[in-house]
Structures are given as structure tokens and as C-alpha cells.
Amino acid sequence: MSDLIVKPLDENTWPDFARLVEKHNGVWGGCWCMSFHEEGAPGKKSVEQRRSDKEARVREGRAHAALVYDGPSAVGWCQFGPTDELPRIKLKRAYQDGLTNLPDWRITCFFVDREYRGKGVAAKALDGALDEIARLGGGTVESYPQDVEGQSTSGSFLYNATITIFERRGFQRTRKLGKNHWVVTRVIDSRPSVKTLPPTLP
């Protein structure tokens, strides 16, 4: 879908993000994309509290995501952030066993509107997240996708997408986590925002 565009999650795009989450009943049982934040452990807070916590984080600049739009509607996202913003990850015990250095950034989850799955939204979201990371200073980026080769897996359960989508964008497998998940990494160069110069006086 070539007409998809990407915008960062912020206070201006929060209403679009919220509509997408509400359309899918809070996403994964009311997660509200909070589970990887420090206060986001499942079952600790009500769905309403999780929504409120997420909105507060977004408005304070403490939550990052690349939102994919089809026209005026957000249809998916890729969540990313510094490690201290997203300290909670799946398979953490296995992850810590082989840990040497923390990355600068983590990509922790994807979500795509049920009506748009299989249409390239996740790939567009990942590209948008990498662009934002470059704009924000770059650094080592890490994620934990699943190797689904030879498996029949529903896209709705691939919260961290497939390893193929990352490898096509230059990520390398660093080490294995469990049966099918991998740590993948890539260094993203900084690409500062282009500043508009003031007009030259005659």
C-alpha cells in the first residue's frame, strides 16, 4: 500500500492512536501498549488505569512509536524507545543470561489493525521507527522477533514481528532467545532534522 504514511506518536496523534486501540478492545486484553514500560506489568492495573498511564507518558514525551496512517486513520504502529523507557521485555531471564551491553534503543512491539494485516503495515511502521531513531540521535537498536520459517503462525500473535522483516533492513542475529525468538541488532546513524535557514536579506 504505497499511500501509507508514518507519523510519530505524540500529543497531536494520541487521539488517532487511542481510536485504534479502542477499536481492538484495548489490544491484547487491555494492554494499551503499556506492558514493556516499567509500570506496565499485566494484571497490576485496570484497563482504564493503563489507558491513563499511556496517555500521560505520551503527553510527557516518555513513550515512542511510529504510527502508520491510511488517510486520516491510524492503522498500525511500531513501539520503540530507550532501554530505560522500555525495561520490561519477554524472555528476560534468557536475555540476561547472555547480556553484555544494553542497546541504546529497543523495538518491543507491533500492532496492525485487523483489516490491514498482510498489507505491509508492519514493515512501514518499522521503517518509520528507524527513521525516528535516526532523527533522535541514532545508536544501537535491538529487537526480539520470531523465526517463523516452516511454521503456521497467526499474525495477530506476532507482537514483535518476524525475523525476516528485520533482516531485510540490515539487522543481524546476535543470539537466540528460547525456541524461536532471536535478539537482532543494527546500528543506526544519527540524522539530525534539517533546520530551515532564515531568508537572506537583500
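Colleague: How much space lies in the second largest pocket?
Modeller: Keep in mind that this is a predicted model. Rolling a probe the size of a water molecule over the atoms shows where empty space is left. For the second largest pocket, that space comes to about 250 Å³.

Colleague: And which residues are closest to the centre of that pocket?
Modeller: There are 16 residues lining the second largest pocket. By class, the lining has two charged, five polar and nine nonpolar residues. Closest to the centre are Trp28, Cys31, Ser35, Pro42 and Lys90.

Colleague: OK, on to the sheet. Which strands stand at its edges?
Modeller: It's an open sheet of seven strands with mixed pairing, in the order 1-2-3-4-5-7-6. Each edge strand has a single partner strand, so one side of each is left without a neighbour in the sheet. Those edge strands are strand 1 (5-8) and strand 6 (172-177).

Colleague: How many bridges join strand 2 to strand 3?
Modeller: Strands of a sheet pair through backbone hydrogen bonds, either parallel or antiparallel. Strand 2 (residues 64-70) and strand 3 (residues 73-82) run antiparallel, and valine 68 stands opposite glycine 76 in strand 3. The number of bridges joining strand 2 to strand 3 is seven.

Colleague: What angle does the direction of helix 4 make with that of strand 3?
Modeller: Helix 1 (residues 14-23) packs on the sheet, touching strand 2 and strand 3, at about 105 degrees to the direction of strand 3. Helix 4 (residues 121-135) packs on the sheet too, touching strands including strand 4 (105-112) and strand 7 (181-188). With the direction of strand 3, helix 4 makes about 45 degrees.

Notes: Residues numbered from 1 in each chain as written. Predicted model: local features only at pLDDT ≥ 70, side-chain atom pairs only at ≥ 80, totals over all residues. Heavy atoms only, no water. 1 Å grid on protein atoms, 1.4 Å probe; cavity = no way out; pocket = protein on both sides within 12 Å on 5 of 7 lines; lining within 4 Å. Points joined across faces, edges and corners; volume = space filled by probe spheres on them. Nonpolar A, V, L, I, M, F, W, Y, C, P; charged D, E, K, R; others polar. Pairing = 2+ DSSP bridges. Helix = DSSP H or I, 4+ residues; strand = E, 2+ residues; numbered from the N terminus. Contact = heavy atoms within 4.5 Å. Axes fitted to C-alpha atoms, helices over the stretch in contact; angles between N-to-C directions.
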